Amino acid sequence: MSTYSFMDVTATLVGPTGVIDLGYGSANSKEGISVEYSQPRNNRTVGADGEVMHSLRADKSGTVTVRLLYTSPTNAKLKAMFNAQSLSSSLWGNNVLTLLNKGNTDTIVARSAAFQNMPSQTFSEDGQPVLDWVFDCGKIPAKQVLCSRRSKVSASRPYAPDTRGVCFQGPSRA
């Protein structure tokens, strides 16, 4: 039987101004963390005679949205990081977001990530329950699998990470 639990999700923001844990234990809202791609990888063009051409787009950009409860201490860390990175263009857009579901080893690494903006805030009778932190990311590969010592095809041909940390079958190129 397969199971899923947000307790198995780790998320880390690493940038020139610090490291922040965004996964389980960061007072995430029920909506959690989402990854969205900017556009489809395929563009279908239908000709006048009904023939079809598919074009593969190279765009791997997208957004990662982290939803935190208003009372999460992580909000203050993110605000400080946002303010620090806003001081210099050399600091802006140099973050990496890594999301890992330890339950099934799904891994997403979003590179060239920049804060889209500070989250909107509403002060009302019941308060604002959730702050949405949106990151614009330059590259979000479709799917990656972390390598581990226990993931092997055979002793003679183990999975090994290449220079990007992505698994392939064969001897290590790292």
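This briefing walks through one predicted protein chain, from its overall layout down to a few single residues.

Because the model is predicted, local features need pLDDT of at least 70 and side-chain atom pairs count only at pLDDT 80 or more, while totals for chains, interfaces and linings use all residues. Residues are numbered from 1 along each chain as its sequence is written, and side-chain values use heavy atoms, with hydrogens and water left out. The chain has one helix and 12 strands; here helices (H or I, at least four residues) and strands (E, at least two) are DSSP runs, numbered from the N terminus.

**The whole chain**

- Going along the sequence, you meet the elements in the pattern β-β-β-β-β-β-α-β-β-β-β-β-β.
- Of the 174 residues, 31% count as buried. Buried means under 20% relative accessible area, exposed means over 50%, and partly exposed is in between (1.4 Å probe, protein chains only).
- About 11,000 Å² of the chain is exposed, and carbon and sulfur atoms supply 53% of that. Such areas come from the Shrake-Rupley method with a 1.4 Å probe; for residues, only the protein chains shown count as cover.
- Take the contacts (heavy atoms within 4.5 Å) between residues at least 6 apart in sequence: 55% of them join residues at least 24 apart.

**Strand β1 and its partners**

- In a regular strand the side chains alternate between the two faces of the sheet.
- Strand β1 (residues 9-15) shows this alternation: Val9, Ala11, Leu13 and Gly15 point to one face and are buried. Thr10, Thr12 and Val14 point to the other face and are not buried.
- On one side, β1 pairs with β7 (residues 95-101) in the antiparallel sense over six bridges. Two strands pair if DSSP finds at least two bridges between them.
- Within that pairing, Ala11 has Leu99 of β7 as its bridge partner.
- β1 also pairs with β2 (residues 18-21), again in the antiparallel sense, this time over four bridges.
- Together β1 and β2 make a hairpin with two residues between them. Gly15 sits opposite Gly18 in β2, and Thr12 sits opposite Asp21.

**Helix α1**

- Helix α1 covers residues 74-85, and its 12 residues should span 16 Å at 1.5 Å a residue. The expected span is 1.5 Å times one less than the number of residues. The end C-alpha atoms are 16 Å apart, which agrees.
- Its buried residues are Thr74, Asn75, Leu78, Met81, Phe82 and Gln85.
- Seen down the helix axis, these buried residues fall within an arc of 125°, so they line one face of α1. The arc is that of the directions from the helix axis to the C-beta atoms.
- What do they pack against? The buried residues of α1 pack against β1, β2, β6, β7, β8 (106-115) and β9 (130-139).

**Ser61 and Thr63**

- Ser61 lies in the loop between β5 (52-56) and β6. Ser61 counts as buried because its relative accessible area is 18%.
- The side chain of Ser61 makes a polar contact of 2.9 Å with that of Ser38 and one of 2.6 Å with that of Asp59. A polar contact is a pair of N or O atoms within 3.5 Å; within protein, one must be able to donate a hydrogen and the other to accept it, and residues adjacent in sequence count only if both atoms are side-chain atoms.
- Leaving aside residues up to four places away in sequence, Ser61 touches Tyr37, Ser38, Cys137 and Gly138.
- Thr63 belongs to strand β6 (residues 62-69). Thr63 and Asp136 are 73 residues apart in sequence, yet their C-alpha atoms are 4.7 Å apart in space.
- Beyond residues up to four places away in sequence, Thr63 touches several others, including Ser34, Val35, Gln116 and Ile140.

**Two partly exposed residues**

- Ser55 is in strand β5, and it counts as partly exposed because its relative accessibility is 25%.
- The C-alpha atoms of Ser55 and Asn42 are separated by 5.6 Å, with the two residues 13 apart along the chain. Not counting residues up to four places away in sequence, Ser55 touches Arg41, Asn42 and Asn43.
- Phe6 is in the segment before β1, and at 24% relative accessibility Phe6 also counts as partly exposed.
- Phe6 and Asn101 are 95 residues apart along the chain, and their C-alpha atoms are separated by 8.0 Å.
- Setting aside residues up to four places away in sequence, Phe6 touches Gly23, Tyr24, Asn28, Gly32 and Ile33.
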